[in-house]
Amino acid sequence: MTSNWTNSTLGELSIGGRGYYGIGASAVPYSTELYTYLRITDINDDGTLNMSDLKSVSDEKATDYLLKPNDIVFARTGASTGRNYFYDGTDGEFVFAGFLIKFSLDPEKVNPRYIKYYCLSKEYRDWIAAFNTGSTRGNINAQTLASMPISLPDKTIQDRVVKVLDALEEKRKSNTKINDNLQQQAAAIFRSWFVDCIPFGGTVPDEWKNVTLEDITSLVSRGITPKYADDTDQIVINQKCIRNHMIDLSFARNHRPKVINNKWLRFGDLLINSTGDGTLGRAAQVWFQPHNLTVDSHVTIVRPAAENMIFYIGLWGTQHEKEIESLHTGSTGQTELPRDRVKAIELLLPDKETMDRFNALIAPMAAAIVSNQEENNRLASIRDALLPKLMSGRIDVSAIRL
């Protein structure tokens, strides 16, 4: 690469030369009448947002903490220290919380999206890790973040790097939107058929039966207690992996090989988060062919007894998360979802002909969703492979035409 590189810091590239702490207010239930509250838990490790449990903020000073395009926020405490989110205005309006630190990137000094990608790089993660050890573990302040060293190519090269990476991210974002739409369509069909009974004149057909979940499943069980390790291809899903009615394997972990038997996941297994406030009850179904995949003991596996029940049970689960959550036992912070209560849940079982017609509609949607998820995983792998080469200048982006 023939560009001139300069050394700078995050503070020097930001308006005001410093970072700003978010508002110290409590979250309230989500409301379209209030600003959405951006918290550490709403930010994924890859810099995207987790939209499954958004909250709002009700505070007279909230407008002072609204994010503006080209702002980037960083988690400053806990196991998520360094996790970050770049705001470009396309995700809605957000007020950022007190455990986040905001820097307003100056487009006169840097392409702001270049910093977005830099903060997903291994170089960035290594820098954060150096401040995330010993007595300072899990804590970083605005002054330290402002001192973060960043080596920059000239602006033309920054722009080209951003173009390459944006092309990948736009495709991932498009796939995610398509999947959200497909999920909404599948849920709407489920409600139309099995809640409102619209195709059946608004009444439940006589041939439908009242059953319990135990009657129509072959397994209702918690997962395993894993022994984590990196030198294995066996993967354990945890509660973080289950969000937005999807299974995100980027949050899964490897564990040492062991005999698992019936707790190896299968196509069609419904997974339900089973511990903790705000997490318990979240559900997602395995719509792909899993390999060497299981869940930990905080997740319940619900396995349909027959193939034609797979999509019905899966969509029932994702559409009844509140009902499932209400079955918990224990006090605040110590809630559990007992297996026997899951088994005893009552629901209607449609006749075989109805189920077959329903499956004919849902199966192509499920296949499309899985295909888009797999493509997003491939695109993320390409991005992660390109990042260090683009950021170091090992790829000459001047030759790339987009």
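# Notebook: sheets, helices and salt bridges

**Entry 1, the sheet with β12.** I started with an open sheet of four strands, and I read its order as β12-β20-β17-β18, with antiparallel pairing. The edge strands are β12 and β18 (283–285), and each of them pairs on one side only. I also looked up the twist: neighbouring strands of this sheet are turned by 15° against each other on average, direction ignored. A reminder to myself before going on: this is a predicted model.

Next I followed one pairing inside this sheet. β12 and strand β20 (residues 299–304) are antiparallel and share five bridges. Which residue in β20 is the bridge partner of V220? I found V302 there.

**Entry 2, the helix across that sheet.** I then checked what lies over these strands. Helix α5 lies across β12, β17, β18 and β20, and it runs at about 160° to β18.

α5 has a helix partner as well. I looked up helix α5 (residues 310–319) against helix α8 (residues 352–392): their axes come within 9 Å and cross at roughly 70°. Angles of 65 to 115 degrees count as roughly perpendicular, so that is the word for α5 and α8.

Who meets whom here? From α5 I noted F311, Y312 and L315, and these meet M355, F358, N359, I362, A363 and A366 in α8. Sorted by class, the contact of α5 with α8 has eight nonpolar residues, one polar and no charged ones.

**Entry 3, salt bridges.** How many salt bridges does the structure hold? I get 17. I picked three of them to go through.

The pair I took up to begin with is E336 with R222, where the closest N and O atoms are 2.8 Å apart. E336 sits in the loop between α6 (321–325) and α7 (339–343), while R222 belongs to strand β12 (residues 217–222), so this pair ties together parts that are 114 residues apart in sequence. That brings me back to β12, an edge strand of the sheet in my opening entry. Buried or exposed, or in between? E336 is partly exposed, with a relative accessible area of 34%, and R222 is also partly exposed, at 22% relative accessibility. Buried would need under 20%.

Then I went to D231 and R256, which form a salt bridge with their closest N and O atoms 3.3 Å apart. This pair links distant parts of the chain: D231 is in the loop between β12 and β13 (235–237), R256 is in the loop between β16 (253–254) and β17 (270–273), and they are 25 residues apart. D231 is exposed, with a relative accessible area of 58%, whereas R256 is partly exposed, at 37%.

R383 and D384 came last, with closest N and O atoms 3.0 Å apart. Here I noted that R383 is buried, with a relative accessible area of 5%, whereas D384 is partly exposed, at 42%. This pair has company: D46, E169, R172, R383 and D384 are joined into one network by salt bridges that share partners.

**Entry 4, the other sheet I looked at.** I moved on to an open sheet of four strands with the order β3-β5-β4-β8 and mixed pairing. Its edge strands are β3 (27–28) and β8 (94–96), each pairing on one side only. In the middle of my notes I put strand β4 (residues 35–38) and strand β5 (residues 55–57), which run antiparallel and are joined by three bridges. Within this pair, T36 stands opposite S56 in β5.

**Entry 5, D59 and strand β6.** After β5 I followed the chain into the loop between β5 and β6 (71–75), where D59 has its place. D59 is partly exposed, with a relative accessible area of 33%. Leaving aside neighbours within four places in sequence, D59 is in contact with I23 and A25. I also looked up its separation from K227, which is 168 residues away along the chain: their C-alpha atoms are 44 Å apart.

β6 itself is mostly covered, with five of its five residues buried. Both faces are covered: D71, V73 and A75 lie on one side, I72 and F74 on the other.

Which strands does β6 pair with? I found strand β7 (residues 84–87), antiparallel over four bridges, and strand β9 (residues 100–104), also antiparallel, with five bridges. F74 turns up in both pairings: its bridge partner is N84 in β7 and I101 in β9.

Key: Residues are numbered from 1 along each chain as its sequence is written. This is a predicted model: local features need pLDDT of at least 70, side-chain atom pairs count only at pLDDT 80 or more; totals for chains, interfaces and linings use all residues. Side-chain values use heavy atoms; hydrogens and water are left out. Two strands pair if DSSP finds at least two bridges between them. A salt bridge is a side-chain nitrogen of Lys or Arg within 4 Å of a carboxyl oxygen of Asp or Glu. Buried means under 20% relative accessible area, exposed over 50%, partly exposed in between (1.4 Å probe, protein chains only). Axes are lines fitted to C-alpha atoms, for helices over the stretch in contact, and angles run from 0 to 180 degrees between N-to-C directions. Angles under 35 degrees count as roughly parallel, over 145 as roughly antiparallel, 65 to 115 as roughly perpendicular and the rest as oblique. Contact means heavy atoms within 4.5 Å. Ala, Val, Leu, Ile, Met, Phe, Trp, Tyr, Cys and Pro count as nonpolar, Asp, Glu, Lys and Arg as charged, and the others, Gly among them, as polar.
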